[in-house]
Amino acid sequence: MSAVHIENVHKSFGKLEVLKGVSLTVEAGQVVAIIGRSGSGKSTLLRCINGLETIQSGRIEVVGHTVTYTDEKLRALRKDVGIVFQSYNLFPHLTVGQNIMLAPRITKGVPKEEARAQAEKVLAQVGLSEKFDVYPDNLSGGQQQRVAIARSLAMQPKVMLFDEVTSALDPELTGEVLLVMEELARGGMTMLLVTHEMNFARSVADFTVFMHQGKVWEMGPSEELFSHPKTPELAAFVKSTLK
Amino acid sequence: MQYQFQFNSVLAESGFIMQGILLTIYLSIGSIILGSIIAILFSALRANGPRWVGGLVDVYVELLRNTPFLVQLFIIFFGLPSIGIRLTADQAALLAMTLNLAAYSTEIIRAGVDSIHRSQIEAGLSLAMTKRQIFQHVIIVPAIAKVWPALSSQFVLMLLASSICSFISVQELSGVTAIIEQRTFRSFESYIVATLLYLVLALTLKVGLLGLGRLIFPRVSGLSRVQVKGEAA
Ligand SMILES: Nc1ncnc2c1ncn2[C@@H]1O[C@H](COP(=O)(O)OP(=O)(O)OP(=O)(O)O)[C@@H](O)[C@H]1O
Ligand SMILES: [Mg+2]
């Protein structure tokens, strides 16, 4: 069974059709990058996968859950699917440790000690063990984003979604975040990531999907896709990113 | 025109004045605590409850914010006995102040809740939280932190408005002052003393609330910064 199975998904915001029949399958353990121009529907697709956006037609299955819009079904799905946003979205009134422990404790009933041990583990995984009791606004953007990743990991998701997680960062801070993601990929995590970091997509993602005008325009093994684009649109896009 | 100030007879009543001060403090702190609890519950209902419940909260808030406190007090003290609810003057005062403050605080907290960025809610949703959990763990603390100055002002206003309770013969600071004035015939002196005491009480409360805010919301200053930074267009 595939980890993520998206079938002919259509999604509109009012009259604007943003996803025009998207199909995509991701197997367990795969890393898939989604690239494309601004407005091509990349974020929308990712948000549909964990039910933050409602689709009009089509079907999305994620690790055994069919995306269904009841609170209960959505919560069950989201326990298995982590998402990290461009803007980190850490809770500013909670320390790093509290940010990480909150959801496992209240949504899964994980006992305090166990939640703490788990939080320490994921924090070590992103290289920030010493920041457990620090508040988010005392961290750099890169560190905040790594905490956001750790917070997601603490839920022990089966799939991780990343939406341009380095786009808000200063160039010198993107590396530390990409490194964390690379290690996660190497550890076997199933990952879907929207990214503008073409080199990262090329070297880390097994497959890359090029979205254009609300469709999967072209997809294939990353190396292949970047070196031999089949469509003029992808060729132009790849060329534009090299500048 | 010469006026000879004579505070002696007024100050001779200092024990009585102290009783008034204590009652003013009791009514103020009591209504602040109870009113805040109600306001938080109302805000939660408004955010997550059924639409009609939110509507009822809105009606309540508008009703109390658009009628005089004195009239609210009279309704509770003089009106309620008609339907069998008899309260002492002190109880009526505490209830009126609590209900009034709850309405204003609900409105202020609503502004704070509205100011919490949608992305915070989405973070909570993505972590499989329920709407209630999101309100409780993600929204309410930063929301109150953001409106803490406005909330504090409202609390101070309530302290000052507690003087209106002397109209139903509650012996808080204004009430005892009126009695002392009648006993001593020293109107000017009596109210000068009351003015100074209200000033001290209000400033103390203001400073206290400022300190309390620093204590329970250590991240207040950082809140707005974190929200805006790196937000997608
Ligand atoms: N909540 C919304 N309401 C209305 N329109 C929206 C909404 N979210 C996205 N859109 C529109 O849908 C289209 C696709 O947006 P989306 O964010 O998915 O693009 P994207 O590929 O992620 O772009 P970017 O690279 O800029 O992040 C855009 O035209 C956008 O304006
Ligand atoms: Mg996007």
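**Exercise 1. Find which element gives the largest share of the shell around ligand 1 in this predicted model.**

Solution. Start with the elements of chain A that give two or more residues to the shell: these are β2 (16-26) and α1 (42-49). Of the shell around ligand 1, the largest share comes from α1(A), with three residues. Next, look at the whole shell, where 13 residues surround the ligand. The closest of them are S38(A), G39(A), K42(A), S43(A) and T44(A). Finally, sort the shell by residue type: three residues are nonpolar, seven are polar and three are charged.

**Exercise 2. Work out which polar atoms of S43(A), E164(A) and G41(A) lie by an oxygen atom of ligand 1, side-chain or backbone.**

Solution. Let's take the residues one at a time, keeping in mind that a polar contact is a pair of N or O atoms within 3.5 Å.

- S43(A) uses a polar side-chain atom, 2.7 Å from an oxygen atom of the ligand.
- E164(A) also offers a polar side-chain atom, at 3.2 Å from a ligand oxygen.
- For G41(A), the partner is a polar backbone atom, and the distance to an oxygen atom of ligand 1 is 3.0 Å.

As a last step, ask how much of the ligand is covered by the protein. On its own, ligand 1 has 640 Å² of accessible area, and the protein covers 59% of this.

**Exercise 3. Describe how chain B meets chain A, beginning with the number of residues in contact.**

Solution. First, count the residues: 28 from chain B are in contact with 29 from chain A. Then turn to area. About 2600 Å² is buried between the two chains, and carbon and sulfur atoms give 61% of that. On the chain B side, S126(B), L127(B) and R219(B) supply 25% of the area buried against chain A, more than any other three residues.

**Exercise 4. Identify the salt bridge between chain B and chain A, then the elements of chain B that touch chain A.**

Solution. The count of salt bridges between these chains is one. Its partners are the side chains of E122(B) and R47(A), with 2.7 Å from N to O. Polar contacts come next: six residue pairs make them across the interface, counting pairs with both residues at pLDDT 80 or more.

Now for the elements. On the side of chain B that touches chain A, two or more residues each come from α6 (118-126), α7 (131-161) and α10 (220-228) of chain B. The largest share belongs to α6(B), which gives seven residues. By type, this side of chain B divides into twelve nonpolar, ten polar and six charged residues.

Conventions:
Residues numbered from 1 in each chain as written. Chains lettered and ligands numbered in written order. Predicted model: local features only at pLDDT ≥ 70, side-chain atom pairs only at ≥ 80, totals over all residues. Heavy atoms only, no water. Near = heavy atom within 4 Å. Polar contact = N/O pair within 3.5 Å; in protein donor to acceptor, adjacent residues only side chain to side chain. Areas by Shrake-Rupley, 256 points an atom, 1.4 Å probe, with all protein chains shown as cover. Helix = DSSP H or I, 4+ residues; strand = E, 2+ residues; numbered from the N terminus. Nonpolar A, V, L, I, M, F, W, Y, C, P; charged D, E, K, R; others polar. Contact = heavy atoms within 4.5 Å. Buried area = accessible area lost by both parts, 1.4 Å probe. Salt bridge = Lys/Arg side-chain N within 4 Å of Asp/Glu carboxyl O.
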